[in-house]
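Here is a short set of exercises to work through with the model open on your screen. Try each task yourself before you read its solution.

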Amino acid sequence: MHKYYQPHEETMSRDEMRALQNEKFLKQVKHVYDNVPYYRKKMEEKGVKPEDIKSLDDIHLLPFLTKEDLRIAYPYGLLATPLERCVRIQSTSGTTGKRVVAFYTQEDLDIWEECCARAIVAAGGDNSDVVQVSYGYGLFTGGPGLDGGSHKVGCLTIPTSSGNTDRQIQFMVDLQATFLCCTPSYAMYLAEAIEEKGLRDQIKLRAGIFGAEAWTQEMRRELEKKLGIKAYDIYGLTEISGPGVSFECEEQTGMHICEDHFYPEIIDPETGEVLPEGSKGELVFTSLDKEAFPLLRYRTKDICVLSRKPCSCGRTLVKMSKPLGRSDDMLIIRGVNVFPSQIETVLLNHGYEPNYQILVDRVNNTDTLDVNVERKADMASDLDTVKSAERKLVSALRSMLGITANVHLVEPKSITRSEGKAVRVIDKRKLY
Ligand code: DLL
């Protein structure tokens, strides 16, 4: 017997879904046009009016939105409801200094949490489960999203947030957690710590809901073996709501998109042209019923494929593949989105030349980030001066990125100059 959190929405026929999407879409275009001058201007520039949009078949007429638009419109420029109706923000990295801030009304939060509840139920969860949420809480959407979903399902929720591994394992053992929600790399770290402590027999986990960063099928098998669980993927992004935009079911062959809320398109990242179903391209989302922060045609920069092959779980929601890469240069390091341009901004603001290298690797299942930058020509080269300058950069990078980088000041002119595009990022992890 299959279980769904919202059986009607999750299993409706294609025709019914298309009709629902159309209805919400037309309302949403009007809501955005009437309430978001920034987007109205973009529509005017493209010569398109709400009356030109008669159904989803016309969606290609609408302009795209990107992180760049979010940066320009920061902080309130894309808000579509009065502040009095907003009850929460969540936030993630922007491409430079400005963070992305997404707003939610209470209804928006309810829908987001329902999507996370769908994910928990799709992974076999019900109100007898004990769900340990080890995603970060706070501005990051991982903790609050899964926490809300777990409450909606009626599970006992353990809001450990991330970090403090000993305490995580203690709770997992003492409260007999059955679900673990965290990034796949943190799950692997926890699995190894459990093994080292010889506590494998004392944990009762049966499922994991892991996402926010790329992970391979090999990593899934490892996690399933080490923790004795079924490991499910979950996808999402702050701009569209957070985790639960799509989630895996028992088939574990792609993630069902909550397409009654988020309408997906696949486009050619170069030309912006909409590609036929089954093509590999950039995923674009239109939020169909978001009130406070309704983004139309938001380019995720995630490359993937959509599939409508019937699923044995009975859900009719379209499935997306795991992201197969990105069409921009965003890195996800320890679950945190990092743009090379943010690092460059910090270095230049501290008077360094743009001669630097960013090295990313994964050591013992934990991502490492090293930044090599050339010492300023007029800077003394004694150890004290160098160490103190490095510490300053580490702290500035931490406040920009939210994670710690190892900074190494190297000899002036020692970083190889390139004759074409500079290769500034060397990512040795094999994620896709
Ligand atoms: O990472 C939301 C989330 C939290 C998803 C917890 C799943 C679990 P952002 O910080 O805004 O939101 O980052 C969004 O992360 O565009 C993808 O590139 C990447 N990403 C998210 N989930 C996955 C996944 C959250 N399952 C960006 N696999 C997205 C691969 C993922 N990449």
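**Exercise 1. Find the loop that holds Ser 161, then say what sets its phi angle apart.**

Step 1: Look between strand 4 (156-158) and helix 7 (165-174), since the loop joining them is where Ser 161 is placed. Helices here are DSSP runs of H or I with at least four residues, strands are E runs of at least two, and both are numbered from the N terminus.
Step 2: Read the backbone angle: Ser 161 has a phi near 60°, which is positive although the residue is not glycine.

Before going on, note that this is a predicted model, in which local features need pLDDT of at least 70 and side-chain atom pairs need 80 or more, while totals for chains, interfaces and linings use all residues. Numbering starts from 1 along each chain as its sequence is written, and side-chain values use heavy atoms, without hydrogens or water.

**Exercise 2. Which peptide bond is cis, and where does its proline lie?**

Step 1: Go to the bond from Tyr 74 to Pro 75, which is cis with omega near -5°.
Step 2: Place Pro 75 in the chain: this proline belongs to the loop between helix 4 (67-72) and strand 1 (86-92).

**Exercise 3. Describe the surroundings of the ligand.**

Step 1: Collect the shell, meaning residues with a heavy atom within 4 Å. The shell has 23 residues, with Asp 233, Ile 234, Thr 238, Asp 302 and Asn 337 the closest.
Step 2: Ask which element gives the largest share. Strand 7 (residues 230-237) does, with five residues.
Step 3: Sort the shell by class: 11 residues are nonpolar, seven polar and five charged. (Asp, Glu, Lys and Arg count as charged; Ala, Val, Leu, Ile, Met, Phe, Trp, Tyr, Cys and Pro as nonpolar; the others, including Gly, as polar.)

**Exercise 4. Which atoms make polar contacts (N or O pairs within 3.5 Å) with the ligand, and how much of the ligand is covered?**

Step 1: Start with nitrogen: one nitrogen atom of the ligand is 3.1 Å from a polar backbone atom of Ala 212.
Step 2: Turn to oxygen. A side-chain N or O atom of Thr 238 is 2.6 Å from an oxygen atom of the ligand, and a polar side-chain atom of Asp 302 is also 2.6 Å from a ligand oxygen.
Step 3: Add the cover: on its own the ligand has 610 Å² of accessible area (Shrake-Rupley, 1.4 Å probe), and the protein covers 97% of that area.

**Exercise 5. What are the protein's overall dimensions?**

Step 1: Count the elements: 11 helices and 20 strands.
Step 2: Along the principal axes, the C-alpha atoms fill a box of roughly 70 × 65 × 40 Å.
Step 3: Check the radius of gyration (over C-alpha atoms; the globule rule is 2.2 Å times the number of residues to the power 0.38). The protein's 23 Å agrees with a compact globule, because one of 432 residues would have a value near 22 Å.

Note on methods: A polar contact is a pair of N or O atoms within 3.5 Å; within protein, one must be able to donate a hydrogen and the other to accept it, and residues adjacent in sequence count only if both atoms are side-chain atoms.
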